[in-house]
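Trainee: I am new to this structure and would like to go through it step by step. Could we begin with the terms we shall need?

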Amino acid sequence: MASKPGILTEWPWTFLGNFKYLVIAPWVIHSTYSYMVKDKNERDLTQFIIFPFLISRMIHNQVWISFSRYRTAKGANRIVDKNIEFDQVDRERNWDDQIIFNGILFYVGQMYIKEAHNLPWWRTMGVVWTILLHAGPVEYLYYWLHRALHHHYLYSRYHSHHHSSIVTEPITSVIHPFGEHIAYFVLFAIPLLTTLYSGTASMISFAGYITYIDFMNNMGHCNFEHIPNRLFSLFPPLKYLMYTPSYHSLHHTQFRTNYSLFMPFYDYVYGTVDKSSDKLYERSLVRDDDSPDAVHLTHLTTPESIYHLRLGFAHLASEPHKSSNGYLWLMWPITLWSMMVTWNYGRTFIVERNIFKNLKLQTWAVPKYSVQYYMEWQRESINGMIEEAILEADKKGIKVLSLGLLNQEAGLNRNGDLFLRRHPNLKVKLVDGSSLAVAIVVNSIPKGTNRVVIRGNLSKVAYSIALALCRGGIQVFTLHENEYKKLKAKLGSEAGNNLILSKHNFPKTWLVGDGLSENEQMKASKGTIFIPYSQFPPKKIRKDCSYNNTPAMLVPKHLGNVDSCENWLPRRVMSAWRIAGIVHAMEGWGVHECGDMMFDIEKIWQACLEQGFRPLTESKTN
């Protein structure tokens, strides 16, 4: 919001929240129904096509958002290196408001302007007039409107909202107060209304002009340079007719230069071109991909998780991945298509970049869903992708690669040991994060607790937790004899004295992993705390009990560019497995932690605290 919000700041339908699409629904229903029931000669395709066009605009914008986030995460041609945080994502989540606004105006205009009825597909003169009117009055009037918006009175009440985003994303282009959008639409309506009343308008001229505006807006705010220099070499006047992403980026960092809409001509005429425009353009063009110090390798979880990736829907990525959002079922064709792609696509892709002090961090994802990790015939393919990612990291000189979620599953690759056996001379260090997961679970147990239940699939983390607690004098209860025998064999005689097999009188602290059934949860006493030690959270079925997050910690403020949540974890909370890779790289330990290897639990816990990570719970064991 602007620093001193003026009148017409809020959109009229803001109070409707996610139900804001109801304001346009009557027109959509009416136009669709009329087209379906009227005779062929009475149908008005112009009115009917408005809704599909609005949908195409939303898809167009989303493609730009996803592509821009992918490119800026890689680093090549990135213009501005500053961070994007959650406040910017929240501020820009209503980017579709302007499409709703335009849709209402299109429907109203088509209904009441006679010349807008039954437009033909193409009229050459309409296209020519649209181009001329945009290059002339639209660009000229926008330039002076934009300069006026930078006057302190209008800037503080309106335009400062847009300039709150120093590092722009494609959709930053349409983040303005409602009143400002009214002014912009009046400008862009000049070619539309002129061609309508002159009888030269067509559906292509209308749709093409709006699409051009969307394209140029998105391109100018995408924060990576991609306009090839040869275009300006072949046609030098093009620099006056088309801006570049780096050109407009300077307007967001310098504020008082590069005011033009899409054509820099008027900046040159009135002397407001930033002197560093050419240098920034050339520097951005030759910038290479980032070379990260540490990489976290994750994977997709559910079919809907593609929308929760940072490359997906920004507002979903900025919230913990919860149960299915109602409107996502409408996306089933895309969801189904993405699932089909994952069966065949065989390469990891970059999802996110972060900065931690002097470390460059990246997150890569294996294009496979959780269910595929449990399919025997998929395991060779998955291990092949993980191995390829490890070798690529090794080739790039990356210090640490941490294995997240099921990429380190024991049944898949023995907690990463498979790759060390195949490539014993790896320079990149593989970290499964087990030691930090153990440390977090142990330090999450309420102070004064002397008895706990451990239940779930017995993993490397589970065995280490049981050993640490039993050695510390805490009794560990198991529910099943086979689990008791397995744990007993691992603990040894002394620590094993604190291991107890029992089917009743359970403690109120349960350490749980994958495989915990609903029936077993029902055996817990009222007020029980369930503390997961697994990668995935248990299903919460007890309202009279509390559930901790999977092993994770709050990240420090100096971890930058954090604008998305890691799966189901809250904002600015990171999983133990991901943190472990960062800490290993930061401390420069230079050792592997995978397979049967377990790093010193106390050492990594203290290192995390020293680096600024904080536990989600304050309680500790004695």
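Mentor: A pocket is an open set of grid points, where a 1.4 Å probe fits, with protein on both sides within 12 Å along at least five of seven lines, and its lining residues have an atom within 4 Å of a point. Please keep in mind that this is a predicted model.

Trainee: Which element gives the most to the lining of the second largest pocket?

Mentor: The second largest pocket has a volume of about 750 Å³, and its lining is made up of 30 residues, with A410, N415, S459, K460 and V461 nearest the centre. Two or more lining residues come from each of α20, α21, α23 and α24. With five residues, the element that gives the most is α23.

Trainee: How is α6 oriented relative to α7, roughly parallel or roughly perpendicular?

Mentor: The axes of α6 (residues 124–149) and α7 (residues 152–163) come within 9 Å and cross at roughly 105 degrees. Angles of 65 to 115 degrees count as roughly perpendicular. The crossing of α6 and α7 is therefore roughly perpendicular.

Trainee: How many charged residues are there in the contact of α26 with α27?

Mentor: Helix α26 (residues 576–587) and helix α27 (residues 601–610) pack at about 85 degrees, with their axes 10 Å apart. On the α26 side the contact has I579, A580, V583, H584 and E587, which meet I604, A607 and C608 of α27. By class, six of these residues are nonpolar and one is polar, while the number of charged residues is one.

Methods: Residues numbered from 1 in each chain as written. Predicted model: local features only at pLDDT ≥ 70, side-chain atom pairs only at ≥ 80, totals over all residues. Heavy atoms only, no water. Axes fitted to C-alpha atoms, helices over the stretch in contact; angles between N-to-C directions. Helix = DSSP H or I, 4+ residues; strand = E, 2+ residues; numbered from the N terminus. Parallel < 35°, antiparallel > 145°, perpendicular 65-115°, else oblique. Contact = heavy atoms within 4.5 Å. Nonpolar A, V, L, I, M, F, W, Y, C, P; charged D, E, K, R; others polar. 1 Å grid on protein atoms, 1.4 Å probe; cavity = no way out; pocket = protein on both sides within 12 Å on 5 of 7 lines; lining within 4 Å. Points joined across faces, edges and corners; volume = space filled by probe spheres on them.
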